[in-house]
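Ready for some practice at reading a protein interface? Have a look at the model first, then work through the exercises at your own pace.

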Amino acid sequence: MNKYWALFITFFKIGSFTFGGGYAMIPLIEKEIVEKNNWMDHDEIIDIFAVSQSIPGAIAINTSTLVGYKIGGRIGALCATLGVILPSFCIIVIIATFFLKISESKEVEAVFLGINGAVILLIFFAARRMIISSVKSNLTIILFIMTVLIVTFTSISPIYLIILGGLIGALNYLVKKRKGAK
Amino acid sequence: MIYLELFISFFKIGLFSYGGGYAMIPLISSEIVKHQWLAEAEFIKIIGIAQMTPGPIAVNAATFVGYSTAGLLGALVSTLGVAMPSVLIIMLISKLFFEHNQHPLVKSIFKYIRPIIAGLVFASAIMIARTTIIVKANSLDEMPYFQVETILIMLVILVIYLKKKLHPIILITIAGLLGYMTMLI
């Protein structure tokens, strides 16, 4: 199968089943991009996610565009982005035209009682995989716990935490380099 | 022209929002008020549907606001507008990022960003759990209660997942069906 077409279809699938924004996309991306197609490894996905959050725009679009770019260059980026946007676009146009009352229907409410449960679990599983691969030293444990507490209990933007992590990483590199030079 | 206005507004929203779809809601709201495109009640309803339907919330909200304001073409220009800044910025930075991500400095930077991303993902799971499992009371006399159905379905999905690592799409579909079945009981 053509790479661009594969990207489009994969992201179309991801867009169709992402309930609840950017974070809910991670388990699907890991399954499709890492495990099924072997296009990237787990750490690369986390790095892309870090970049996605550090630039403006919707995280889901940023992530799709970056993954598409990595796999298929500029055309790949466009295919992935169009793929992730198209299901949303079609579903919303259909709802806006025919079913404006859908959000108030008992059936939809009941279906979401279930979907919410699955989405929470899937995001926890994704977080668990990320913790296993990235939280190893004392400093990374502190960064992880600090992030969870700050995001849960304050309204400080995550972007500052990402910048802090980057600064610590840069500092660590410089210190090691200086030690190595001595 | 309405289409150009919608495009520019959503381009601005895409360009100046950090932190994803939820962070966009206040920006979208202020653009709508400024241009008097929609009534507030209608906007709140749109945001509710944008969160329920699959796909990025930003895209859902842009499509919906565009459609309600100016029909299909309005939906198209709004959606393109909200996505375009991301695509342009990434086209500019990706080459740089993917060329240098093996440099030891960049590697060290990401080594310490990764636990923070893990924390953000973990915290978002907590946040979604908090808002969907604990239902706030409608009045002061009522106590907040737990969404027992969601908790039970979560446990069923957990058992299925531990037995067999099914595709997330299949797990979400099973959970949705189980949710639908709660209505029949």
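Two exercises follow, each with a worked solution, and they use a predicted model.

**Exercise 1.** Work out where V148(A) sits, whether V148(A) is buried or exposed, and which residues V148(A) touches.

*Solution.*
Step 1: Find the element. V148(A) lies in helix α6 of chain A, which spans residues 138-153.
Step 2: Check the accessibility. The relative accessibility of V148(A) is 10%. The cut-off for buried is under 20%, so V148(A) counts as buried.
Step 3: List the neighbours. Leaving out residues up to four places away in sequence, V148(A) touches G119(B), F122(B), A123(B) and I126(B).

**Exercise 2.** Describe the contact between chain A and chain B, going from its extent to its polar links and then to the chain B side.

*Solution.*
Step 1: Begin with the extent. Chain A brings 96 residues to the contact and chain B brings 86. About 8,400 Å² is buried between the two chains, and carbon and sulfur atoms give 80% of that area.
Step 2: Look for polar links. Two salt bridges cross the interface; one of them joins the side chains of D47(A) and R114(B), at 2.7 Å from N to O. The interface also has eleven residue pairs in polar contact.
Step 3: Turn to the side of chain B that touches chain A. Elements giving two or more residues to this side include α4 (57-100) and α5 (104-133) of chain B. The most comes from α5(B), with 26 residues.
Step 4: Sort this side by residue type. The residues of chain B that touch chain A comprise 55 nonpolar, 24 polar and seven charged.

Notes. Residues numbered from 1 in each chain as written. Chains lettered and ligands numbered in written order. Predicted model: local features only at pLDDT ≥ 70, side-chain atom pairs only at ≥ 80, totals over all residues. Heavy atoms only, no water. Helix = DSSP H or I, 4+ residues; strand = E, 2+ residues; numbered from the N terminus. Buried < 20%, exposed > 50% of the residue type's maximum accessible area, 1.4 Å probe, protein only. Contact = heavy atoms within 4.5 Å. Buried area = accessible area lost by both parts, 1.4 Å probe. Salt bridge = Lys/Arg side-chain N within 4 Å of Asp/Glu carboxyl O. Polar contact = N/O pair within 3.5 Å; in protein donor to acceptor, adjacent residues only side chain to side chain. Nonpolar A, V, L, I, M, F, W, Y, C, P; charged D, E, K, R; others polar.
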